[in-house]
Amino acid sequence: MRTRLFVPLAGAAAAVVLLAAGCSSGGPSNAAAAKTVNSEFAALQAMPPAQAEQKLVQEATKEGSVNWYTVTQGDDANLLAQAFEKAYPGIKVNLTRSNEPGIANTFNTETRAHHYNVDVLDDDVSYMDQFHTSGLVANIPTFGIDVPAADRGEWWVVPDIQPAIISWNTNLVPNSQAPTNYQDLLNPKWKGKLVIDVSPDSTVQTLIASWGLPKATQWLTQLMNTQDPTILQSHTQIDQLMAAGKYAVCVECFAYDVVNLKDNDHAPLNYAVVNPTPTPTSPTVIAAHAPHPYAALLLLDWLASKPGAQDMAKFGMVTQTAGVNLGSSALNQIRDSSTLFLDTPDKVGSIAAEAQNLVNTLVAAKVAGSGS
Amino acid sequence: MPTSTAPATDRSPEHRPAGAPGSAPRAPFLARLRGRNLPVTAVLLAILAVLVLVPLVLIVWQSLTNAPPGEGASFTFEKITQAYGTSSILPLIRNSAEFAVGSTVVAFVIGTGLAYLTERTNVPFRRLAYGLILFPLVVPGTVTTTAWMLLLDKNVGLLNYLLTLVGVHQPIFSAYSMWSMIWMQGADRFALPFLLMAAAFRTLDPGLEEASAMSGASFPRTFRTVTLPVLRPAIVACLLILFVENLETFEVPGIIGIPAHIPVFATYVYLLSNNVPFDVNLASAVSLSYIAIALIAVWVYYRSIRQAERFAVVGGKNFRPDRLELHGARKWVTAGVMHLVLLVTVVLPLAMLVYLSLLSYYHTPAHGGVPPLSLASYRWVLDTPEVSSAFVTNAEVGIVSGLAAMLLAAVIAWVVVRTKAPGRRLIDGLAFAPIAIPGTVLGLALAAVYLAVPIGVYGTIWILVIAYVSKYVSYAVRATHSSLTQVDGSLEEAATAAGAGGFRVFRTVTLPLIAPGALVAFLYVVTLTFKALSLPIMLTSANATMLPVLTYNTIQAGNYSDVAALGVVTTVGLAVLTGISALVSRRFGVARISGAL
């Protein structure tokens with residue numbers, strides 16, 4: 001009886017699966033949807049700024065909510081969402097937060113299945129570039145955007161930046177012996193004492209841009225294979241464990257976190273700002289199929305505006321928007337340094353793919369247990 | 001004494017030859033269908049097919065194709081070759097086996113030892129031990145693992161630091177190793193074998209041991225030749241269910257195994273999902289062996305508990321096994337060892353959590369004396385909307401899932417135990433199979449199913465409810481099943497004879513009878529939704545962030561003090577829930593809880 005019933009049941013389940021496999025293939029084309037959002041935005045751009053702003057707020061309020069998929073750290077993302085909701089009552093921000101590249105992956109998976117839930121998203125530049133090439137990202141009108149020209153493009157905005165520094169625990173490494181540049185990290189005395197994030201893409205991009213691919217490849221190969229650094233997922237986790245004294249030296253730590261732990265929590269940390277300074281960004285974009293395009297644009301507009309930047313600074317984030325004090329002289333100094341290399345889409349170009357390939361081969365593979 | 005779960009005998013109506021002398025006249029066709037509960041059976045089979053078979057078939061389909069559903073996939077063995085054609089799968093199998101077997105042995109030894117001491121000896125402070133033993137059931141695994149990580153760390157671990165105070169300056173412990181992973185998992189899971197083996201020890205007929213002792217056998221010999229063989233079915237079932245649970249767990253492999261470069265199946269599937277684009281077909285191909293190993297273990301387990309359940313009816317002879325009388329120093333040394341084990345496995349990580357929750361960032365007192373303490377992390381727990389939202393979502397999803405699983409399980413158990421409906425064995429088997437589907441794999445499959453079938457489930461709490469009901473209905477069925485087998489069917493027969501219809505009998509007689517078991521099952525499912533990470537990690541979304549996922553993300557962000565505060569608050573809440581469960585189980589016997597497991 002069991003066999004007689006199981007076979008038709010399994011067959012029915014298989015039929016459901018095959019039906020499911022076929023039933024989601026008829027969605028609108030990416031290009032068509034992008035064109036719709038783009039044409040609405042173009043109409044806004046053509047209006048006088050004040051009128052466009054008014055229409056934008058009206059339409060966004062009608063939409064009532066915006067779905068933001070972000071890699072911004074949990075507390076910061078929540079605080080920003082609350083600040084936006086306070087600035088625009090009646091528009092709710094639905095946050096989906098994950099680590100890189102979880103957001104890019106979720107967006108990619110959902111979009112391939114024609115499930116269009118994302119309005120605004122941010123993640124590593126290489127993924128955003130791929131999405132733009134695939135027509136999954138809309139162009140952004142420029143009114144209301146206060147960030148410097150270097151921090152925005154036709155389809156992306158970088159509201160905040162993450163200057164990366166070499167950091168060390170002063171209980172384990174005297175300042176006089178600390179590494180101050182990338183070559184220092186290859187000194188045999190640091191073998192087994194380094195820690196690095198699983199996605200050091202920005203550092204690798206910066207080194208490729210500065211040194212060229214062969215030298216950058218040689219450096220990363222030597223770092224990973226000879227120095228045997230511990231690989232962790234999440235920069236903030238690394239910063240905390242550095243403060244605890246678990247690791248002596250961090251290859252790529254986020255400045256705002258290290259400065260905060262050092263100055264506010266009196267953690268035994270110090271750092272060196274390297275020239276050029278890798279500065280990861282998470283380009284923020286609007287999805288071509290955004291279900292709430294006006295609310296998406298309003299959120300992006302606010303993130304890139306001076307009030308948004310001031311709120312970011314209040315929450316400890318680093319923004320380049322003119323005239324915004326970060327509340328820490330050390331952070332202001334790092335932010336205003338001329339050595340920053342922002343990994344924005346226009347700057348990294350083909351470097352992004354080269355860096356990603358290197359990171360996948362030498363770093364990520366090691367995490368999966370199949371690396372050398 | 002066989003129960004109604006035994007195979008149909010020649011006396012059952014469906015085996016009586018039609019038209020045979022003495023047989024009743026044939027009832028009309030529709031009446032016969034109703035009598036055999038075919039509509040109920042068909043509905044149950046349809047529900048279980050959607051919950052269990054569709055995800056399983058999808059995993060197989062995806063492993064044999066080269067694109068996700070809806071993207072013009074074609075059949076190929078490319079992903080199978082990619083998954084199994086290289087030697088990289090071997091470390092994965094080896095690590096998974098070492099971790100699952102090792103942690104099973106650790107949990108079993110600790111749990112069984114404690115069960116024996118509390119049930120079969122007169123060791124003092126047994127009630128205190130009972131209370132402590134149940135704690136690991138309610139503390140989320142992510143939180144315990146974080147506590148162990150910071151206790152055992154080679155460089156900044158509290159235990160290595162404490163050893164330096166007594167002159168041991170070379171670190172002894174290291175968190176990032178297979179041995180540590182096995183210890184952490186084993187120490188987190190010993191409550192399960194404790195409950196199962198305590199129930200077995202409690203129902204052990206002392207007459208057998210007494211007869212052995214009377215014939216001159218020593219205690220060790222009696223234990224080896226009498227006690228152990230009698231307990232063998234319970235031991236086998238306990239080891240198998242532990243093995244399956246340890247094979248699918250995500251907490252320890254995710255928090256320790258990933259940075260330690262010790263991948264196991266659960267983390268490998270998760271890491272594959274972090275590649276852009278996510279190769280869902282490769283992940284499905286890898287999952288096949290994962291499911292196959294778990295299915296074999298579950299099949300053996302299922303057979304062993306079915307055997308045991310046939311004889312689970314409480315007999316008329318009331319007995320209470322004799323306790324081994326310990327005297328003098330032996331008694332107190334045994335008590336000391338038992339409480340030392342509990343101190344190390346339960347109190348130490350809990351104390352670490354409380355200490356951690358009061359720090360602004362984790363550090364040992366090694367540098368700069370005793371660190372300043374603060375309640376900032378508790379303020380974060382109370383003031384952060386994301387946390388309160390996760391608590392509310394978790395409670396909603398947990399309660400709805402628990403209720404749905406409980407009701408579905410009650411109907412399944414009734415059909416399986418009380419009827420001769422065709423296909424009831426298949427229903428029982430299908431309801432049990434999800435134990436073998438690892439959480440990450442089930443999550444992966446359900447996400448793919450409900451992305452492809454646009455019925456508004458994906459990205460809502462309903463996909464989580466479906467996932468939890470699919471995964472945990474097996475536990476609920478076991479609990480209600482064992483309740484029903486221990487209650488004689490004559491009450492329902494009397495109600496039927498008095499003219500009550502099938503539904504009325506079920507509602508007014510069956511449900512109240514199985515209520516205690518069903519309530520324990522409900523509370524257990526709710527507790528699991530607050531604890532287990534492997535399932536929601538693949539299904540989380542803006543509108544449906546579950547507490548274990550929020551905890552894991554907070555760990556990933558390195559905010560260990562916030563994690564600890566979150567863990568303390570969650571543990572207190574779940575301890576209350578478990579207290580209710582314990583009250584119920586104390587009222588109706590610990591066997592009901594172990595039945596739920």
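Start at the seam between domain 1 and domain 2 of chain B, where 11 residue pairs are in polar contact across the interface, counting pairs with both residues at pLDDT 80 or more. That pLDDT condition is there because you're looking at a predicted model.

**Colour the two domains.** Select 28-65 plus 378-597 of chain B for domain 1, then 90-357 of chain B for domain 2, as the domain assignment has them. Put a marker at the C-alpha centre of each domain, and you'll have two points 23 Å apart.

**Show the contact residues.** On the domain 1 side of chain B you'll pick up 54 residues, and on the domain 2 side 56. Together the two domains bury about 4800 Å² between them, and 69% of that lies on carbon and sulfur atoms.

**Zoom in on a charged pair.** Which two side chains meet in a salt bridge? Select B:K471 and B:E248: the distance from N to O is 3.4 Å. How many salt bridges does the rule find across this domain interface? Just 1.

**Now walk along the helices of domain 1.** Several elements of chain B each give two or more residues to the side touching domain 2, among them α2 (38-63), α21 (461-485), α23 (502-531) and α25 (560-588). Which one gives the most? Highlight α25(B), which supplies 12 residues.

**Last stop: colour by class.** Keep the side of domain 1 of chain B that touches domain 2 on screen and colour its residues by type. You'll get 31 nonpolar, 18 polar and 5 charged residues there.

Notes
Residues are numbered from 1 along each chain as its sequence is written. Chains are lettered from A and ligands numbered from 1 in the order in which they are written. This is a predicted model: local features need pLDDT of at least 70, side-chain atom pairs count only at pLDDT 80 or more; totals for chains, interfaces and linings use all residues. Side-chain values use heavy atoms; hydrogens and water are left out. Domain bounds come from an automatic or database domain assignment. Contact means heavy atoms within 4.5 Å. Buried area is the accessible area (1.4 Å probe) that two parts lose on being put together, summed over both. A salt bridge is a side-chain nitrogen of Lys or Arg within 4 Å of a carboxyl oxygen of Asp or Glu. A polar contact is a pair of N or O atoms within 3.5 Å; within protein, one must be able to donate a hydrogen and the other to accept it, and residues adjacent in sequence count only if both atoms are side-chain atoms. Helices (H or I, at least four residues) and strands (E, at least two) are DSSP runs, numbered from the N terminus. Ala, Val, Leu, Ile, Met, Phe, Trp, Tyr, Cys and Pro count as nonpolar, Asp, Glu, Lys and Arg as charged, and the others, Gly among them, as polar.
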